[in-house]
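Biologist: I'm new to this one. Could you show it to me and let me ask how you know things?

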Amino acid sequence: VASDNERAKRIANRHSFDSASSMQRNEKSVTNKSSEEVEHVKHDFDSESSMQSDEESATSSSVALEEQEPAREENNFFCNDLPTTIDDLRDYEKDTFLALREWKRKRGRELGYNNPCVICHNRTLLEMCRLVPGDKESLLGVWGISPPRLEQHGKKLLEAFAPWRRKLLEEHRRYNFNNRNEYVDEKRPSKDWINKESRLNLPNCAWEDMRSWCAREKNCSSCIRHGADGSWAICSQRVLDILSRHYGGRDAGWRWYPRKTSTAHNHQWWPPQAICDEERLSFRDLPLGTMKVMELLSNR
């Protein structure tokens, strides 16, 4: 830990985190890259489907950090595989995390905070290293960033991150290229499901036992009333039947969560990771609603 702290301080001394001009130079260099290197993509952030239960929902009117919004680089390959500890980082991401952590501590002292996590949690910095946000809108897609925190600390956080963005994007592209032929388990569940399963107590039972699970774990009056063998709402039951009969259902990597509401259920679905990769579904798109699943299946 001591060596990491010293390493972080040395890195921090080589970079000016509060330099707006430094950020503008880096953003401009990324924006001027050729279209072959940088693709513009739009990320839609749905706070309900992202299931960040401990953060406030994102607003739809996020303000860009600069008058001219910087280019948004393609990043879907790795954004489902999000780090939660420093051990989950790739080697080339660790210097960025250490520098940002040192900046956070320094910024906390400047503001008189005893706990620098008021600014953001370490997990936020970890995800930034993987997702490489370039503006306030994309920063809202990072774990731990709520609208109030974005308003209070978002601009300074992006300025601190700016000197590292170009290097991270280049290293991510190299990593993606080197792993493009990596074996893919067609039946592997979505990485987003794996990341959330234990944290959110998602069901890990056979689909035919879901009514019993919901009645037992959630004390669901609807599932108690319908009984263990009760059918679901028409569209959701239809998706269940199609997935089970034609796509292998849970055994093929599909995951389903009938999220209990006050009167019924909000059915949420995760395709297998292989389908997520094919359809370019990131953690921001998951879970899917019932109608989205029907649309996806009709196009396959």
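Modeller: Sure, let's start with a term: a polar contact is a pair of N or O atoms within 3.5 Å; within protein, one must be able to donate a hydrogen and the other to accept it, and residues adjacent in sequence count only if both atoms are side-chain atoms. This is a predicted model, where local features need pLDDT of at least 70 and side-chain atom pairs count only at pLDDT 80 or more, while totals for chains, interfaces and linings use all residues. Residues are numbered from 1 along each chain as its sequence is written, and side-chain values use heavy atoms, leaving out hydrogens and water.

Biologist: What joins the side chains of R90 and H172?

Modeller: A polar contact of 3.4 Å, and the limit is 3.5 Å, so the pair counts.

Biologist: Why does R90 have no salt bridge?

Modeller: A salt bridge needs a side-chain nitrogen of Lys or Arg within 4 Å of a carboxyl oxygen of Asp or Glu. For R90, the nearest side chain of opposite charge (Lys and Arg count as positive, Asp and Glu as negative; His and the chain ends are not counted) is E93 at 4.3 Å, so the cut-off is missed.

Biologist: What makes K156 and E159 a salt bridge?

Modeller: Their N to O distance is 3.9 Å, within the 4 Å limit, so they qualify. Both lie in helix α7, three residues apart, about one turn of the helix.

Biologist: Why is E159 called buried, and what is K156 called?

Modeller: Buried means under 20% relative accessible area, exposed over 50%, and partly exposed in between (1.4 Å probe, protein chains only). E159 has 5%, so it is buried. K156 has 29%, so it is partly exposed.

Biologist: How about R216 and E217, exposed or partly exposed?

Modeller: R216 comes out at 56%, so it is exposed. E217 has 41%, so it counts as partly exposed. Their side chains meet in a salt bridge of 3.5 Å, N to O.

Biologist: How do you know that the span of helix α11 agrees with what is expected?

Modeller: Helices (H or I, at least four residues) and strands (E, at least two) are DSSP runs, numbered from the N terminus. The expected span is 1.5 Å times one less than the number of residues. With 13 residues, α11 should span 18 Å, and its end C-alpha atoms are 18 Å apart, which agrees.

Biologist: Which residues of α11 are buried?

Modeller: S236, V239, L240 and L243 are. They cover an arc of only 100° around the axis (taken from the directions from the helix axis to the C-beta atoms), so they sit on the same side of α11.
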